[in-house]
Amino acid sequence: MSLCLPISSEGSPLDGPREACGVVGIYAPESHSATLTAVGLFALQHRGQESAGVAASDEGRIRVHTGMGLVSDAFRDGDIERVTGSMSIGHTRYSTTGSSDPCNAQPLLVTGVNGPLAVAHNGNIINSVKLRENLQAEWDSRFATSTDSEVVAHLLANAPGADWHERIFYGMRLMQGAFSLALLTPDAIIAVRDPLGIRPLCLGRLTEGNGGGWAFASETCALDHLRADFVRELAPGEVVVIDKNGVRSEVYERAARTNRALCVFEWIYFARPDSTMDGRLMHNVRDEMGAQLAREHPADADLVIGIPDSSTSAAVGFARESGIPFANGLVRNRYVGRTFIEPEQQRRDRGVRQKFNPMPSVLRGKRLVVVDDSIVRGTTTPHVVELLRRAGATEIHLRVCAPPIKHPCYLGVDMATRDELIAARKTVPEICQLTGADTLGYLSVRGLMDVARGREQGGFCDACFTGNYPVPVQLDLSKQALERTAS
């Protein structure tokens, strides 16, 4: 048995939650679907930068191409053209289970009693170790990767049922955790959202300019780039099958008896600001979060700046509510790589300096409100504060539009272990002292939920703040759990 082993990965030089994955599916009878899938993946690049891939079905044969790095790195000249067919799925990855390794790149292609099946997965299956053991014992399944996504693939490829709705509902009864799936069979593409709706997924209709057809994706911004008309978000527990006979949708019956638990970090950080969820533009939601933060933690200051780009919308809202002018005080270098070879402390310091450049003429002599989206480990925020002081800021009032993160995420976000979470170990005054800021204020859980729920929209998972997980979790769960248990 061939198995991926962990490889060294320095990760991002900046402190913060690691991205979730992105999935795309295209049914385009009159077009080269893999090209459209790649366009959708470019729009979802912010959700993962470790690897990318596409799988397409052409006259009953499924072809797959994957590669490491950004979408532009994974697809070289001619790669997409060789993945032919009118139906395709795609994936851009940040690993939450399984290391960053070429054989863990998705989509994954497996074959079972139901034939060949390609799978692209956003989320995390928390009982994947037990499921894999059962699959090995019952079906003699052979695993080539260390990902929970391959467990999903083998489970569904061998699931009992007369059609794909029945097979996937069978899988839903067994899988615990978060999963938005793009599936590809020789004659259909399938979109799946878990019964709690933890990770997002939406459906769109390709315009005639693209030859017509259907598209689904993790976010609406991908539909915009595809010139697809947004139709709707998939309901929690919904399975949509698209083939030559049309679109067929069914919802898992148990989903109606559970509360929706969309990851609230989609609204704080993950989703692009030009995406919509529950009919609300993410830029506007984050603007409202910033305004609520200003009401909860006002500051006497001259300027409001955001740490670009994820905090800009919230900073604008803080400025509007407080009456303090907004300014661009930090410029982000978008072309910095994600890894550095320096020792840890040097890497963080250099990473901040290369990622951001302050504008002294804007900041010199000013009292600043600095808005950030979150503080996870607290390892790099002090470097940002020091950078601003060196640029001439006289006071720094740090404001965070997420509550203190005290608990790890086990449902598709590589947040950190509990021991690494600074808010699990220190009080707010202690964190303020560590960062070097003059004052520090976090948005409250109640304030966040008042904004996020808006017009009585559905529920959210806020376990990273409260510890109230929507499903039972194994508190020592590790992203390398499948690697450790593999023989």
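## A walk through the sheet, the cores and the rings

Strand 17 runs parallel to strand 20 (residues 367-372), and the two are paired over 4 bridges. One contact to look for is L303, whose bridge partner in strand 20 is L368. Keep in mind as you click around that this is a predicted model.

That pairing belongs to an open sheet of 4 strands, ordered 17-20-21-22, with parallel pairing. At the edges sit strand 17 (303-306) and strand 22 (439-442), each of which pairs on one side only. On average, neighbouring strands of this sheet are turned by 20° against each other, direction ignored. As a reminder, strands of a sheet pair through backbone hydrogen bonds, either parallel or antiparallel. Now add helix 13 (residues 381-390) to the view: it lies across strand 17, strand 20 and strand 21 (395-400), and runs at about 145° to strand 21.

Next, the greasy parts. Nonpolar side chains tend to be buried together in soluble globular proteins. Here the largest nonpolar core has 51 residues, and the members that touch the most others are F265, W267, I268, M289 and F465. Several elements supply at least two residues each to this core, including helix 8, helix 9, helix 10 (312-322), strand 20 and helix 16. A second, separate core has 28 residues, among them L135, M175, V241 and Y252.

M289 makes a handy starting point in the 51-residue core. Ignoring its neighbours within four places in sequence, M289 is in contact with W267, I268, C401, L443, L448 and V451. Two of those names, L448 and V451, turn up again in helix 16 (residues 445-453), where the buried residues are G447, L448, M449, V451 and A452. What do the buried residues of helix 16 pack against? Their partners are helix 8 (265-270), strand 16 (280-281), helix 9 (282-296), strand 23 (460-461) and helix 17 (463-466).

On to the rings. The structure holds 6 aromatic pairs. One of them joins F169 and Y252, a tilted pair at 5.6 Å centre to centre with 35° between the planes. F169 sits in helix 6 (residues 164-174) and Y252 in the loop between strand 13 (246-251) and strand 14 (262-263), so this pair ties together parts that are 83 residues apart in sequence. F169 and Y252 are both buried.

Y269 and F270 are another case: their ring centres lie 5.3 Å apart and their planes meet at 70°, and because an angle over 60 degrees counts as edge-to-face, that is the label this pair gets. Y269 and F270 are buried too. Together with F265 and F465, Y269 and F270 form one aromatic cluster. F265 and F465 should look familiar, as both were on the list of best-connected residues in the largest nonpolar core.

Rings also meet charges here. The charged end of R132 sits over the ring of F143, 5.8 Å from its centre. R167 lies over the face of W164, at 4.8 Å from the ring centre.

Last stop: G115, found in strand 6 (residues 115-125). Is G115 buried or exposed? With a relative accessibility of 17%, G115 counts as buried, because the cut-off for that label is under 20%. Not counting residues up to four places away in sequence, G115 touches V110 and A157. A157 is 42 residues from G115 along the chain, yet their C-alpha atoms are separated by 6.7 Å.

Methods
Residues are numbered from 1 along each chain as its sequence is written. This is a predicted model: local features need pLDDT of at least 70, side-chain atom pairs count only at pLDDT 80 or more; totals for chains, interfaces and linings use all residues. Side-chain values use heavy atoms; hydrogens and water are left out. Buried means under 20% relative accessible area, exposed over 50%, partly exposed in between (1.4 Å probe, protein chains only). Contact means heavy atoms within 4.5 Å. Two strands pair if DSSP finds at least two bridges between them. Axes are lines fitted to C-alpha atoms, for helices over the stretch in contact, and angles run from 0 to 180 degrees between N-to-C directions. Rings of Phe, Tyr and Trp (its six-membered ring) pair if their centres lie within 6.5 Å; planes under 30 degrees apart count as stacked, over 60 as edge-to-face and the rest as tilted. A charge sits over a ring if NZ of Lys or CZ of Arg is within 6 Å of the ring centre and within 35 degrees of the ring normal. A nonpolar core is a set of buried Ala, Val, Leu, Ile, Met, Phe, Trp, Tyr and Cys residues joined through side-chain atoms within 4.5 Å.
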